[in-house]
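User: Could you take a close look at one part of this model for me? I'd like to hear about the helix that sits before the last loops and strands, and what goes on around it.

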Amino acid sequence: MIDVVLPCLNEAEALPWVLDRMPEGFRALVVDNASTDDSARVAADRGARVVAAPQRGFGAACHAGLRAAETEVVCVMDADASLDPADLPRLVAALGALSPPTLSPGLPPPGLVLGRRRPTGPGAWPPHARLGNAVLARSLNRRAGTRLRDLGPMRAARRDALLALGLRDRRFGYPLEMVLRAARAGWRIGEIDVPYRPRTGDSKVTGTLGGTVRAVRDMRRVLAEVAR
């Protein structure tokens with residue numbers, strides 16, 4: 001069994017599709033980040049484990065889910081139906097948790113696998129969000145010696161190793177801090193292409209210029225802090 005952390009803020013409309021597509025052997029852990037809709041009820045009605053994370057912030061929700069997870073390997077993905085849970089087994093296989101590893105034959109399996117987004121429809125990844133992601137990826141690669149093309153929100157890693165990284169950001173900088181600290185710790189980081197769909201419901205980050213600016217600002221702050 002592999003726990004899948006789904007940080008959730010007002011995703012009642014998207015959750016049914018996401019939870020109904022959770023593959024066998026993967027267990028949904030919906031982290032309710034003080035939603036004002038029926039997200040928690042929808043998740044519970046479909047058999048998901050619901051964890052409350054009253055402190056608002058994407059990183060706060062992700063870390064609450066990571067701490068609540070109970071399996072050796074954990075996955076993290078957005079709960080807005082932009083990513084398909086059916087792709088999770090490919091990331092876990094690349095991690096080496098399923099044998100044999102499916103990424104970089106001849107090399108040891110990576111410690112962290114990211115889903116590299118490939119847009120599948122109009123509006124899936126607005127230009128301003130794609131540009132912000134590219135700028136941050138270049139900054140990360142320059143500082144950490146990585147060769148990543150996307151700071152993908154679908155991820156797989158081992159729970160205890162992630163907790164040992166000592167992640168501190170509780171806002172939008174959390175995903176970048178995870179990759180940066182993993183690289184600094186000497187982890188090999190892999191990427192697997194995954195389809196990226198237009199999200200269900202209103203976007204809080206990539207669908208708005210203001211949300212993207214806030215996320216980029218948080219991530220640049222994390223880059224500066226970890227570099228120091």
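Analyst: Here's a walk through helix H7 and its surroundings, with the salt bridges and a few backbone oddities along the way.

Keep in mind that this is a predicted model. Let's start with the helix itself. H7 covers residues 174-184, and 10 of its 11 residues are buried, so the helix is largely enclosed by the rest of the structure. The buried set is Tyr174, Pro175, Leu176, Glu177, Met178, Val179, Leu180, Arg181, Ala182 and Ala183. Charged side chains are in there too: Glu177 and Arg181 are among the buried residues. Just past the helix, Gly186 has a positive phi of about 90°.

Met178 is worth a second look. Besides being one of the buried residues of H7, Met178 helps line the largest cavity, together with Val74, Cys75, Val76, Leu112, Arg155, Ala156, Ala157 and Leu162. Strands E4 (73-76) and E6 (155-158) are the elements that give two or more residues to that lining. In make-up, the lining has eight nonpolar residues, no polar ones and one charged. The space inside comes to about 30 Å³, and the count of cavities of 30 Å³ or more is one.

Now for the stretch leading into H7. Asp169 lies in the loop between helix H6 (159-164) and H7, while Arg221 belongs to helix H8, so their pairing ties together parts that are 52 residues apart in sequence. The pairing is a salt bridge whose closest N and O atoms are 2.9 Å apart. The two ends differ in exposure: Asp169 counts as buried at 7% relative accessibility, whereas Arg221 is partly exposed at 28%.

Arg221 has another partner, Asp218, with 3.6 Å between the closest N and O atoms of that salt bridge. Asp218 and Arg221 are three residues apart in H8, which means about one helical turn separates them. Asp218 is buried, with a relative accessible area of just 3%. Through shared partners, the salt bridges join Asp169, Arg171, Asp218, Arg221 and Glu225 into one network.

The structure holds 21 salt bridges in total, and one more deserves a mention here. Arg199 pairs with Asp80, the closest N and O atoms being 3.4 Å apart. This one links distant parts of the chain, 119 residues apart: Arg199 is in the loop between strand E7 (189-196) and helix H8 (209-227), and Asp80 is in the loop between E4 and helix H4 (88-95). Asp80 is buried at 8% relative accessible area.

That loop after E4 also brings up the backbone. Most residues other than glycine have a negative phi. Ala81, which sits in the loop between E4 and H4, goes against that with a positive phi of about 70°. Ala81 is buried too, at 0% relative accessibility. Ala34 also has a positive phi, near 65°, and its place is the loop between strand E2 (26-32) and helix H2 (39-45). With a relative accessible area of 31%, Ala34 is partly exposed.

Back to your helix, then: H7 is largely enclosed, Met178 is part of the cavity lining, and the loop between H6 and H7 is tied to H8 through Asp169 and Arg221.

Methods. Residues are numbered from 1 along each chain as its sequence is written. This is a predicted model: local features need pLDDT of at least 70, side-chain atom pairs count only at pLDDT 80 or more; totals for chains, interfaces and linings use all residues. Side-chain values use heavy atoms; hydrogens and water are left out. Buried means under 20% relative accessible area, exposed over 50%, partly exposed in between (1.4 Å probe, protein chains only). Helices (H or I, at least four residues) and strands (E, at least two) are DSSP runs, numbered from the N terminus. On a 1 Å grid over the protein atoms alone, a cavity is a set of points where a 1.4 Å probe fits but cannot get out, and a pocket is an open set with protein on both sides within 12 Å along at least five of seven lines; lining residues have an atom within 4 Å of a point. Grid points are joined across faces, edges and corners, and a volume is the space filled by probe spheres set on the points. Ala, Val, Leu, Ile, Met, Phe, Trp, Tyr, Cys and Pro count as nonpolar, Asp, Glu, Lys and Arg as charged, and the others, Gly among them, as polar. A salt bridge is a side-chain nitrogen of Lys or Arg within 4 Å of a carboxyl oxygen of Asp or Glu.
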